[in-house]
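Subject: Structure handover

Hi there,

Here is the structure I promised to pass on to you. Have a look at it first, and then read on for my notes.

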Amino acid sequence: ACLLCRQAEADPNICGEKMEGQGICAHVFCLFFAAGLFQQRCKDVGLMGFLPQDIRRTAEQAAQKECFVCGEGGATISCQETGCDRRFHLPCAVRGECVTQFFFQYRSFCQEHCPQQEVEASPEENTTCLICLDPVGDRKSYSTMVCPACKHAWFHRACIQGHAACTGVFCFQCPLCRDTELFLAEMLLMGIRIPIRLPSRGNIQAYAALTQRHSRCDASKCLCPGGREQAEEEGPWQLLLCCSCAAEGTHRCCSSLRDSTASWECHSCA
């Protein structure tokens, strides 16, 4: 079992791989999030730069610290909010609705003090997760999240975490509007771990399909002589995609759009 969280089996998307050496076993991110445990500049010593004696001391100091989620001792992670004394194990974070930020300082927050999505949006009735297609509920919550860019893409925390683990940071984007910059920053802030790598081999084809740009006219009656798939760079048969979701498109002529019209919104988003 991991010396810091005391669990032998834990979600690798959250806790990372298990490292073993010099008589110590610990999950990668249990090391990074443990309060008072610091990584040496030289990463070749100990476990990824964490010295064995420091890991043991941290575990000993946490032995009497109770996890507010499971009630067991050995809670090495503390909430970053000043004055908050809540502690927890990394594998307990999701169950306790805690946020662990996997970048820079590796900060952790308990349920009461964790960051919230500030975007003003609520899912419409019967809205489903874009990834698993199950209902997402009627509001934003710890387990229900929304893309801050398009405000139309809803998904479960567990689903977007699995998506991030498969795609990696270089290909991570909103499954609906394809936004990268704003979406990436928001998900990192909300505690989604996004590995620094390219998509896994088994997900390359799925990612290619996901990132393919919508390329057909979805007007109720397409007037283009070349059909719905024809698209020109300008003029009446220029194809405009919905500026909110990018999942539907129209020829200018098919929606009576002027040449000066720079953007268009589909019926679902309007």
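How many residues of domain 1 are in contact with residues of domain 2? There are nine on the domain 1 side, and they touch 10 residues of domain 2. Please keep in mind that this is a predicted model.

To place those two parts: the protein is divided into domain 1 (12–109), domain 2 (144–211) and domain 3 (213–269). Between domain 1 and domain 2, the C-alpha centres are 25 Å apart.

Now for the interface itself. About 770 Å² is buried between domain 1 and domain 2, and carbon and sulfur atoms account for 62% of that area. If you are wondering about electrostatics, zero salt bridges were counted between domain 1 and domain 2. There are, however, three residue pairs in polar contact between these two domains, with both residues at pLDDT 80 or more. On the side of domain 1 that touches domain 2, α1 (12–15) and β5 (99–100) each contribute at least two residues. The largest share of that side is from α1, with three residues. Sorted by class, the side of domain 1 that touches domain 2 comprises six nonpolar residues, three polar ones and no charged ones.

Some local features may interest you too. Strand β1 (residues 18–21) pairs with strand β2 (residues 24–27) in the antiparallel sense, and four bridges join them. Within this pairing, M19 sits opposite A26 in β2. The two strands, β1 and β2, make a hairpin that has two residues between them. In its turn, Q22 has a positive phi of about 55°.

Back to salt bridges: how many turn up in a search of the whole structure? The search finds three. One salt bridge joins the side chains of D54 and R57, at 2.9 Å from N to O. Both D54 and R57 belong to helix α3 (residues 52–61), where they are three residues apart, about one turn of the helix.

Happy exploring, and do write back with any questions.

Best wishes

Key
Residues numbered from 1 in each chain as written. Predicted model: local features only at pLDDT ≥ 70, side-chain atom pairs only at ≥ 80, totals over all residues. Heavy atoms only, no water. Domains from an automatic or database assignment. Contact = heavy atoms within 4.5 Å. Buried area = accessible area lost by both parts, 1.4 Å probe. Salt bridge = Lys/Arg side-chain N within 4 Å of Asp/Glu carboxyl O. Polar contact = N/O pair within 3.5 Å; in protein donor to acceptor, adjacent residues only side chain to side chain. Nonpolar A, V, L, I, M, F, W, Y, C, P; charged D, E, K, R; others polar. Pairing = 2+ DSSP bridges.
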